[in-house]
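Work through the exercises below with the coordinates open. Try each task before reading its solution.

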Amino acid sequence: MSEPTEVLTEAPPPEPPAQPPQSPPPAGKPVAVRATLAGVAVSLLLIVAIVLGSRLLRDFDSALLPYAVATVFLAFGVAYRYTVWVSAPGARRLFKKGFGSLFSAENFRKAPTALPKMIATYLGFQKFLGARSHARWAAHQLIFWGCVLAALITFPLTWGWFTFTSDSGSGPGYEMRIWGFKVLGFDSLNVLGWLMFHGLDIAAVLVIPGASYFLWRRMKDRGAITGQRFAYDLLPLICLIVISVTGLLLTFSSIFLHGGGYEFLAILHMVSVVFTLVYIPFGKFFHIVQRPAAVGMQLFKYTARQDDRVFACKRCGEPVDTAPYVENLRGTMRDLKLDFDSWAEYCPRCKRVLRGTAYLNHVKKGFK
């Protein structure tokens, strides 16, 4: 067995210092119980908001009751899973550091434009996706803005917060009211009126090509096929396409078919929407709820760089990341009782070199 011509002689990283024995955490409610209580509390708050926002249900449309019930289940699921997520050591640190940076007055004084910029670039336009693929970025933008537009229209209408009333009983003048207060009046026959009544159609037109691209990619790309799961990766895309197509068919039926097949399409559309809303907290779309915490972590790292608090690799001196971020990573590894948190102080290249050196010195040494 041949040996490499040059054997690296660097020593492996020192063992981490012995940690003092830690007392067990105080006994508390199990995560599932706390998550359930959080879900119930958020659901009750939403129900109260629906009742009050619809002026004691005077503006609530009973035909939209299934959608409203689905949003209550959505609120419960989001609160439940978010509580479970932030209970894990790594996520808990991410949550504290991220949201601590978001609401830090000191960070705002140091970099007042950093937060709006990161919300626009990281949360809104997701520029980090463009580095992977321009096509994936464009498709993701279509889905994102289409879903945002649909949510801004659907949720308030479902809860009875938005109402549209005719001035004369038959149009074309309409008034849009929020919580019973008139916001604006418009003519349903002009451009503004068309946009107001076809906002969901516009959202569907945005979502369909974006979701179709990702569905096509997951059927053709070998890398995507290898690790994909139907319920986690494919089902959300199919649901988005079904919701969008049935929504457009409702408009097509009312305009060109004089309402033909409208009842069947309405039921199919309602079932697909309700299923998707209930499924969101337990599928891939849950990352929508997690993303703001990631924005906070990016702000946390950005402000540390502004203070020149960059941690250098202990072996080669190259910058690894910000010093607070490295310390946060080490703390997370200690919380998880991983006894190699000192490796966080080395850059990726040096980690590979040190692992290779340890392998040559301790494993292949017997083959010389």
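Accessible areas here come from the Shrake-Rupley method with a 1.4 Å probe. The model is predicted.

**Exercise 1. The whole chain**

Describe the chain by its surface, its burial, its contacts and its secondary structure.

Solution.
- Start with the surface. The chain exposes about 22,000 Å². Carbon and sulfur atoms supply 67% of that area.
- Turn to burial. Of the 368 residues, 35% are buried.
- Take the contacts with a separation of 6 or more. Residues 24 or more positions apart account for 62% of them.
- Finish with the elements. The chain has 15 helices and 5 strands.

**Exercise 2. Aromatic pairs**

Classify the ring pairs F144–W145 and F164–F197, and find the accessibility class of each partner.

Solution.
- Choose the descriptors. A pair of aromatic rings is described by the distance of the centres and the angle of the planes.
- Count the pairs. The structure holds 17 aromatic pairs.
- Take F144 and W145. Their centres lie 4.9 Å apart, with 80 degrees between the planes. Planes over 60 degrees apart count as edge-to-face, so this pair is edge-to-face.
- Check exposure. F144 has 22% relative accessibility and counts as partly exposed. W145, at 35%, is partly exposed.
- Take F164 and F197. The centres are 6.0 Å apart and the planes meet at 45 degrees, a tilted pair.
- Place this pair in the chain. F164 belongs to strand β1 (residues 162–166), and F197 to helix α8 (residues 191–197). The partners are 33 residues apart, and the pair links distant parts of the chain.
- Check exposure again. F164 is partly exposed at 28%. F197 is partly exposed at 42%.

**Exercise 3. W179 and its cluster**

Which residues do ring pairs link into a cluster with W179, and what is the backbone setting of W179?

Solution.
- Trace the ring pairs. They link W179 with F155, W159 and W161.
- Locate W179. The residue lies in the loop between β2 (173–178) and β3 (181–187).
- Read the backbone. W179 has a positive phi of about 55 degrees, although it is not a glycine.
- Assign the class. Its relative accessible area is 45%. Partly exposed runs from 20% to 50%, so W179 is partly exposed.

**Exercise 4. Other positive phi values**

Find where R55 and G317 sit, and give their phi values.

Solution.
- Begin with R55. This residue is in the loop between α1 (31–53) and α2 (65–87). Its phi is positive, near 55 degrees, in a residue other than glycine. R55 is partly exposed, at 32% relative accessible area.
- Move to the hairpin. Strands β4 (residues 310–312) and β5 (residues 319–322) pair in the antiparallel sense over 3 bridges. A312 stands opposite P319 in β5.
- Read the turn. The hairpin has 6 residues between the strands, and G317 takes a positive phi near 85 degrees.

**Exercise 5. S253 and a charge over a ring**

Is S253 buried or exposed, and which residues does S253 touch beyond four places in sequence? Then locate the charged end of R229.

Solution.
- Place S253. The residue lies in helix α11 (residues 230–256).
- Assign the class. S253 has 0% relative accessibility. Buried means under 20%, so S253 is buried.
- List the contacts. S253 touches H258, G259, G260, G261, Y262 and L265.
- Go to R229. Its charged end sits over the ring of Y232, 4.5 Å from the ring centre.

Key: Residues are numbered from 1 along each chain as its sequence is written. This is a predicted model: local features need pLDDT of at least 70, side-chain atom pairs count only at pLDDT 80 or more; totals for chains, interfaces and linings use all residues. Side-chain values use heavy atoms; hydrogens and water are left out. Helices (H or I, at least four residues) and strands (E, at least two) are DSSP runs, numbered from the N terminus. Buried means under 20% relative accessible area, exposed over 50%, partly exposed in between (1.4 Å probe, protein chains only). Contact means heavy atoms within 4.5 Å. Rings of Phe, Tyr and Trp (its six-membered ring) pair if their centres lie within 6.5 Å; planes under 30 degrees apart count as stacked, over 60 as edge-to-face and the rest as tilted. A charge sits over a ring if NZ of Lys or CZ of Arg is within 6 Å of the ring centre and within 35 degrees of the ring normal. Two strands pair if DSSP finds at least two bridges between them.
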